[in-house]
Amino acid sequence: MQAALALAERGRGRTAPNPNVGCVIVKDGKVVGRGWTQPGGRPHAEAMALAEAGDAARGATAYTTLEPCAHQSPRGPACSDLLVEAGVATVVAALGDPDPRTDGKGADRLRAAGVAVETGLRADDARRPMAGFLTRQAFGRPHVTLKLATSLDGGIALANGESKWITGAPARAHAHVERARHEAILVGRGTYEADAPTLDVRLEGLEDRSPRRLLLSSRHPRESGGPSPAPAPLTDAEELGPRFRGDDGWEVVTSPQAIIDLTDIDHLLVEGGAQTAAAFLAADLVDRLLLYRAPILIGGGTPAIGDIGLTDLAGAHGRWRLRDRRMLGIDVLEEYERTR
């Protein structure tokens, strides 16, 4: 199952609206097939693993991170049917599929065909690779990660606005890996105007995984304009509706709550700036926090986060759980999960 979970991570940020599933097929103590959901959502992980296993799948055990689907699609058959046809003897699934089109039906179909089914193995670990799909199913919105790169005293820029670079190269490379694991990346209007960000993935071999670019603003860029050292003026949002996609490839979201309308985005990375971070935190829409902290002091510069509306310290406690802490060169990365 650990191998299946690792395979599931390969598809993260590339399979929406389908879940990024991993599957390993084992027979006589040997792995005979491996698969993970492919870009765009097809083939599914089980289909890929079965194709690799071939005849060796008969009598084998399939370990999959999510209950095999039960619904038919114009893009391919149901995975529960494929597993039955292949003669798999046992299916071990980490999680049940909350999609109402499957939700227990896949396991029922397998059992009805004589396939032994076990569920719940490494369930907590399986929720993390598929957090985007599960958040969409539970809350109808993408899973949101807020990324902050700060000094020891919580600053993101000097008083004169200089912000490149607070963290070192290893931390910045890690942040680009995170970009590659998200379908979309969002910044606020201040960052858009001040930095003219490209928001692409600048790591060799991952350039094609650059996410869609979103701008949080109550007003929209003109269709013919785009981020530049002097960005095009913004026009009134009321004339263009809640979201807009211009010829420059930028989409505009007029409020944090509007992310519910985004299509084919299950993982959203919020990168800046301070007011945008505060807006998402105040709306309680941040599920994961990545805090890159450099061993420097700024003093009197720009804080990482604006006012999030807390009126007492009691409301700040119990919200975040430390998930991981590691060194990236001389910088420290801390990963926190929102407790809900």
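1. Which residues is histidine 44 in contact with, leaving aside its neighbours within four places in sequence? They are Asn18, Thr37, Cys69 and Cys79. The coordinates belong to a predicted model, and the points below should be read with that in mind.

2. Histidine 44 sits in a loop, with strand E2 (30-36) on one side and helix H2 (45-53) on the other. Is this residue buried or exposed? Histidine 44 counts as buried because its relative accessibility is 12%, and the cut-off for buried is under 20%.

3. The sheet is open and has five strands, in the order E2-E1-E3-E4-E5, with mixed pairing. E2 and strand E5 (116-119) are the edge strands; each has a single partner strand, so one side of each has no neighbour in the sheet. From one strand to the next the twist averages 15°.

4. Helix H2, which follows the loop of histidine 44, lies across three strands: E1 (22-27), E2 and E3 (61-66). The helix runs at about 140° to E2.

5. Strand E4 (residues 90-95) deserves a point to itself. Six of its six residues are buried, and the strand is mostly covered. E4 pairs with E3 in the parallel sense over five bridges. Its pairing with E5 is also parallel, over four bridges.

6. Particular residues can be used to check the register on both sides of E4. What stands opposite threonine 90 in E5? It is alanine 116. Towards E3, threonine 90 of E4 stands opposite threonine 61. Further along, alanine 93 has threonine 119 of E5 as its bridge partner.

7. The connections into and out of E4 both go by way of a helix. From E3 the chain passes through helix H3 (residues 79-86) to E4, a β-α-β crossover that is right-handed. E4 is then part of another β-α-β unit, with helix H4 (residues 105-112) and E5, and this unit is right-handed. Cys79, one of the contacts of histidine 44, falls within the range of H3.

8. Threonine 65 is a residue of strand E3. It counts as buried because its relative accessibility is 1%. Not counting residues up to four places away in sequence, threonine 65 touches Met1, Ala4, Leu5, Ala8, Val21, Gly22, Ala94, Leu95, Ala126 and Met130. Among them, Ala94 and Leu95 lie within the range of E4, and Gly22 within that of E1.

9. How far apart in space are threonine 65 and arginine 325? The distance is 25 Å from C-alpha to C-alpha, and the two are 260 residues apart in sequence. By the domain assignment, threonine 65 falls in domain 1 (1-131) and arginine 325 in domain 2 (140-229 + 242-338). Domain 2 is given as two segments.

10. The C-alpha centres of domain 1 and domain 2 are 33 Å apart. Where the domains meet, 13 residues of domain 1 are in contact with 14 residues of domain 2. About 1100 Å² is buried between the domains, and carbon and sulfur atoms give 39% of that area.

Notes: Residues are numbered from 1 along each chain as its sequence is written. This is a predicted model: local features need pLDDT of at least 70, side-chain atom pairs count only at pLDDT 80 or more; totals for chains, interfaces and linings use all residues. Side-chain values use heavy atoms; hydrogens and water are left out. Helices (H or I, at least four residues) and strands (E, at least two) are DSSP runs, numbered from the N terminus. Buried means under 20% relative accessible area, exposed over 50%, partly exposed in between (1.4 Å probe, protein chains only). Contact means heavy atoms within 4.5 Å. Two strands pair if DSSP finds at least two bridges between them. Axes are lines fitted to C-alpha atoms, for helices over the stretch in contact, and angles run from 0 to 180 degrees between N-to-C directions. A crossover is right-handed if, with the strands pointing away from the viewer, the path from the first strand over the helix to the second runs clockwise. Domain bounds come from an automatic or database domain assignment. Buried area is the accessible area (1.4 Å probe) that two parts lose on being put together, summed over both.
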